[in-house]
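Trainee: I've got a model open and I keep tripping over the vocabulary. Can we go through the terms one at a time?

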Amino acid sequence: MYATGLKCVNCGALYPLQPEFFVCPKCGLEKVRGVSVFRGTTEVQYDYEALKKSVSKELFAKRPFNLLRYRELLDLGEENIITLSEGGTSLIKCKNLAKKIGLNNLWLKNETSNPTHSFKDRESVLVVNKALEFGKKYVSCVSSGNAAASLAAYAARASLGCFVLMPATTPKGKIAQCTLYGAVTLLMDGIYEEIFELYIEAIKELDILESSGGYNRFKVEGGKTIAYEICEQLGWRAPAWVIDNVGAGTHLYGMWKGFKELRNLDLVENVPKMVAIGPKAGSPIVTGFKEKTDLPLTRSEESIADGLVGRWSYDMPLALKALRESTGYAEHVSDLEILKAMEWLAQLEGVFAEPSGVACVSGVSKMVETGMVDKGEEIVCIITGSGLKEPELARRISKEPTLISASAEEIRSNLQKHLTRLGKE
Ligand SMILES: [Zn+2]
């Protein structure tokens, strides 16, 4: 095991690798714009000199292509690991979408093919295995849906009790996953930040491993593995740009940490520019980058990308650091632009993704329009979650199917009508 401890990203204090130090005890909360702001998150530290001697491209290549391939870089042992074979997702070269947007070298990292159909499985596998290591019997999180569904699945497999708390407006597909996996599922009126604040207060005295994004520090570690996979899939090099859908920023920073680690370990020579794409309705990280501030938003509105909207997150300082260090970029996109991206992905590339999972495609389209990226640059968009989680929305934005009567003639005449139409297109 190569992890050495936790370090506060605000004051630099060092702590043992224990859950009570996921947040720095020295750095207190302050109330800003009605939100409890906490800048003292901690980060898992590693002995990189020892790792340099132990890991290699050849070692990784001997193992199955999934998250556990990189176990040394995740502080995971070899024995008794709970897994659903997460990670190892495809990196798809997009010809049709690239042409539509005006690019020559566009890739999609398709995270919809993870076991619970979102990138959150990369985080949950670490959360649950660490919970077992810490001797915990229960895990829980506040979530906009995907993280809860994922945690519920991994907790079931690990025989851990699971409690999840979500806004009452969470898409039904995500709620259904939580309940069928057997998690105690609580829904509450209110926005994420309000619910999270009440939740932290409520679980203070309970022996439950807190696993919300921005809080449990192993979630950042899970995000690193997307960076490892992209580099390996491109032949051990990083692309020019990585475009992510940004909510809490945990995932964005995790990927950036992963790219930097590979460079530190001499496994790649370059790192990409990181880009955060968030909804106009409320993205503190995008606004923070544009306005050079780390303050919470004064307000947020509703968006179809419900998994991304927020006013503040514990990982905001780290996400801003990733954008700054990588000389990256951040941009807002509207709901209409997100819906267009859903259609493009489905109809041009056969990828069925949810609104929160495609903001990156809307964003890269805007970056091409404004000349932020060159046509030939290598760009990877992270498609973070499946559209099957919100089938009602997909039905609303696509063409209605035709109900026909049961006769061969009716089938033939309908097919003929469409063949004629398609032939003209
Ligand atoms: Zn601190």
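Trainee: How many helices and strands does the chain have, and what makes a stretch count as one?

Mentor: The chain has 15 helices and 15 strands. They are DSSP runs numbered from the N terminus: H or I over at least four residues for a helix, E over at least two for a strand. Keep in mind that this is a predicted model, where local features need pLDDT of at least 70, side-chain atom pairs count only at pLDDT 80 or more, and totals for chains, interfaces and linings use all residues. Residues are numbered from 1 along each chain as its sequence is written.

Trainee: How do you know how compact the chain is for its length?

Mentor: Its radius of gyration is 22 Å, close to the 22 Å that the globule rule gives for 425 residues, so the chain is as compact as a globular protein of that length. The radius is taken over C-alpha atoms, and the rule is 2.2 Å times the number of residues to the power 0.38. Those C-alpha atoms fill a box of roughly 70 × 45 × 45 Å along the principal axes.

Trainee: Why is Ala 50 called partly exposed?

Mentor: Ala 50 has 13 other C-beta atoms within 10 Å, so it is partly exposed. Buried takes 20 or more other C-beta atoms within 10 Å, exposed 12 or fewer, and partly exposed is in between, with C-beta atoms placed from the backbone. Ala 50 lies in helix α1, residues 48-54.

Trainee: And what makes strand β15 mostly covered?

Mentor: In β15 (residues 379-383), 5 of its 5 residues are buried. Ile 379, Cys 381 and Ile 383 point one way, while Val 380 and Ile 382 point the other way. In a regular strand the side chains alternate between the two faces of the sheet. Over the whole chain, buried residues make up 50% of the 425.

Trainee: Which strands pair with β15, and in what sense?

Mentor: Strand β7 (residues 106-110) pairs with β15 in the parallel sense over 5 bridges, and β12 (residues 241-245) runs parallel to β15 with 3 bridges. Pairing takes at least two bridges found by DSSP, so both qualify. Lys 109 stands opposite Ile 382, and Val 242 has Val 380 as its bridge partner.

Trainee: What makes β2 and β5 edge strands?

Mentor: Each pairs on one side only. They belong to an open antiparallel sheet of 3 strands, in the order β2-β1-β5. Strand β1 (residues 3-8) is joined to β2 by 2 bridges, and that meets the minimum of at least two.
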